[in-house]
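Subject: Structure handover

Hi,

Here is the structure I promised to pass on to you. My notes on the sheets, the cavities and the record annotations follow below it.

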Amino acid sequence: MTKNKNTIEEEEEDNNDELDLYDFLEVISGKIDSVKNQIEERKEDSRQQWQRTKDEVEEQKRLLKIELEKHIHLLSENLKKPNFIRIRDKISFTIGVANTCFSPLIAVRWPHILPIIYTIQAFYFITLRFLIYKQKHWHYFTFDLCYFVNLLTLIYLWILPSSKILFAVCYSLTHGPLALAIVLWKNSLVFHSFDKVTSIFIHMYPPLTMFTLRWILPVDLQLKYYPAIVNTGSKLPMGTSMFYTIIFYLMWQILYYTFIVYGRGHKVASGLRVTSYTWLLNNKKGFVSRLIQKLGFGGPNDGINRYKLFIYFLLQFLFMLISILPVSLLYYQYISLTTGSIISDGDIPKDTVDSVRLTKRIHRMSAPTIDWDAEKTLSSVVDIDIDALDAEFERLSVDFKSKMIELRKNPNNMTLRHTLTSTKEALIRIKTWSSLVNTADGLAIMKKSMAKQHEKELLQRKYEVDEILKISKVQSAIDLCFLMDCTGSMREYLHATKTQIYQLTECIRQLYSIKPNLAFVGYRDINENLDKLDFTDDENIFQEFLTKIQAMGGDDTCEDVFSGLETVAQLSWSTPNRLLVHICDAPCHGQDYHEFQGTANDNYLKGDPKNRELSTLMFSIKRLGITYCKIPLNETTKKMFEEFAFVFGSISEIYVSDPTCLIKRIIEKTSSIIQSCIESTISSYRNSNKQIKSYTLFSKEPDWNSLEIYDVNVTEIIPPNTIDDIFHPLLISKTNGKIKIAPNPFAKGSIRFAFYGQYSSDDSPFVDVVFKEFASTDPKANTFIVYQEHLEIQAIAQFLAEQFNAEQQRLFRNFIPIIYADADLIQQTINPLKIYQVERRMHQEWRKWNNNSGGVSLSEYSTILQAFSHWTYHITSGRLMVVDLQGVKVDRAYLLTDPALHCNDLLRFRETRTNLGVKGMRQFFRTHVCSDVCSKLNIPMLNTGSNSILLSRSDSLLCNATTKTTDILNVQTTEENNFEPIDKNQLETIENFELC
């Protein structure tokens, strides 16, 4: 019983346990049901709340739409009013004319404000067009590609100017499909039509704006406001550019299809709305409609189906693709018709000729010109040419009367007033002298007056000459920095610099009587030693420093160029001439600067690990006025220097194929920079406080058939017959002619403008010429006597060149003749103040071999021309020298023009201000080294003092008659060899050449 009782109790306990588990599960289930019910209730509440919110939003949307439609309707009604239409058309006319006239001016003069003008007009035109098209149900037109491109352009200008991708897309689309759409849509510029003015603006102003930012905006402003242009580099990568352009185009196409073709298709199909594709596809005479019909997809009467729509979009895509293809190719090949041939103020006028002869001349003798040489005039009464005085007085009297008639017609002409004043003074002086020469007392008074005037003018000229030579001396100083890759591969060039540096300093010292300041910056790879020597004029210190430098290091192919550039800007630059010579055989780090793939050659493909910006480094160097020259030793640096040049500007290349020629080539460049600086500074000195005539340079040759023909008086200088004749004023010849002259000059030199022209003398056929007019507005610089003096100098140089050629012919086989171009003066008959020097036009490469302050070109050195200058000094017994030799070198001849003469009489050729007298001759001999040509011509070497000794060493850098001109510093040419006597009959080939 007890056992059974225990068993029963255990079973009851088990049952109680089971009941407790079931109760727990039941409770849990109830809780879950309760939670589900709560969730459902909340879902229902949320749905109801969402519905109420949605209804409220829809109501607000409906009310807003009603309000907006009211305003649009009201505005549309106002737009239809005649007063508004008249105001709108007046505004469109004004803006259209203003855009046509002033936009090019703004683009050139103030390119940085053109985006602002574009933005303001874009908001005005596009907003007004949308409102006008809305009332006509044409507003779907404003979803076309051209409006999308305008939107992208505005986003680039004001939101994302640093985006290279957006810049490439905007540049491609604006210069491609947007510009060519003018032809597709047959846009025309009608000023009184708001619609046509708007269409022209939408398609023309974006490419004009992007073009201006790319080509005209200065690089510093590009970097400040539109850095994407600078960061893009000098080339627009075709593959990348086209890829992103297509992406953006497809983006627009998808949006257009989604919201217009698909989303509003029913309105378009019913005719309630007009789009560009319905306009083109329904145009029976349109090119697109006819093309689709020829492809077999139905004509305009068959309606618009999905096949026609697909073909239309395909044709539109192909049009876009074809139009952007040339954009990348032409991105870095822009050629300006108006700027490409502009010459800066300090440069030499590049006149070139087809033939140096103007016409066959029959010289007519004229009255002699009085010689105002005081020493001759003051000798005695017998020495004074009374007839010459009378003739000069008569000529000036006639000239004075004619000028008075012109002045009465134009009393405000200050140039004419100055000319009359000078003529009056000369008449009074001649009349006074003529009356005084009849008595001894009168002659004494006249002598004293003339001597006083002579002394005053001579002192003034001596002062001017001294100032010019002082300027030349000061402007000869130069800072020369070597920036060199000093890794192991550069060992030979480092050694050449060290061993040849004395050659450089000695040459510069000989040429300019001054020693260059030398500095050195040697770089290697990232975190490797950088060698720096600041400027010193002691070549021993420079050479000792280089001796300690070891060519070593370089972890990968690319080097730490940025550290070198950074150090260059920290040097003590101080002189007027500053030259940086960068010698390297490897590019800098960064994928943008080389064509290497992977990290095998570049451990820093993302660029400089110190995050230095190229633009900052380049501008820190450019700001110092440094001339940057490169000596790339292989092609791996090509891309790097292209990127450098895009930011810095022009980087000259010095071609070196052998380390032994390194310093020679650097000497050439150094000398060229010094010469340019001297000439520019002297030109500025001569033109100081003088205004320049206002001309716009235009390089394109005009249509000669459309230009007016002017009658002109022609003045020719009669060439001298003997050496003695050149020391007296030359006679002149008068004749008549006709000219055609371009309205604008094509070039400007240091003192003159050059015009394209055509010239006919004595009814001969018109020939192509160049007219030269003085640039200064100073009346004293534009008188007939100044022009005549230039002409007289050229005639004397021409005569001496002919004598020199005869001497060459006597001595040398296959001699090279020196031929000076003919030059005349022309004066318009209807406007005698318009005076020009006329020469035949030259088209060959222009060169300058020496100047009038002792400068000589090493890269264009010619022993023949240097000997010619020396020979003119010798043949005139030291009284005169022809210098400033410039022109062109053609096959077997030098064609020259625009010479200068040094004369022992400083008052001779004083108006041209190029005669530096005896001091100018000494400057020539300071740098001249006699060659075998001088020796064969039996020209004696001249000792001009301790600072002006003629050097004749055979190893001179300046003159060595042993090699060809291709090795530029060793200056004898093969044509100048074989100085053997030849028979005079052998001159025939030269005569034939002169006739060509």
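To start with the terms for the sheets: two strands count as paired if DSSP finds at least two bridges between them. Helices (H or I, at least four residues) and strands (E, at least two) are DSSP runs, numbered from the N terminus. Please keep in mind that this is a predicted model, where local features need pLDDT of at least 70 and side-chain atom pairs count only at pLDDT 80 or more, while totals for chains, interfaces and linings use all residues. Residues are numbered from 1 along each chain as its sequence is written, and side-chain values use heavy atoms, with hydrogens and water left out.

One open sheet has six strands in the order 3-2-1-4-5-6, with mixed pairing. Its edges are strand 3 (531–536) and strand 6 (652–653), each of which pairs on one side only. Strand 6 runs parallel to strand 5 (residues 627–632), and two bridges link them; Cys 629 has Ser 652 of strand 6 as its bridge partner. Helix 18 (residues 491–512) packs on this sheet, in contact (heavy atoms within 4.5 Å) with strand 1 (478–485) and strand 2 (517–523), and its direction makes about 170 degrees with that of strand 1. For such angles, axes are lines fitted to C-alpha atoms, for helices over the stretch in contact, and the values run from 0 to 180 degrees between N-to-C directions. Helix 22 (residues 638–648) lies across strand 4 (577–584) and strand 5, at about 170 degrees to strand 5.

Another open sheet, also of mixed pairing, is built from four strands in the order 12-18-17-15. Strand 12 (818–820) and strand 15 (846–848) are the edges, each pairing on one side only, and the twist averages 35 degrees from one strand to the next. Strands 15 and 17 (residues 886–890) run antiparallel and are joined by three bridges, with Lys 848 opposite Gln 886 in strand 17. Helix 24 (residues 784–811) packs on this sheet, touching strand 12 and strand 18 (893–897), at about 160 degrees to strand 12. Helix 25 (residues 863–875) also touches strands 12 and 18, but its direction makes about 65 degrees with that of strand 12.

As for the record, UniProt (unreviewed entry) places "transmembrane region" features at several spans, including 91–110 and 197–217; such annotations may be inferred rather than shown by experiment. Residues 91–110 are 95% helix and 0% strand, with their end C-alpha atoms 24 Å apart. For residues 197–217, the end C-alpha atoms lie 26 Å apart and the span is 90% helix and 0% strand.

Happy browsing, and best wishes
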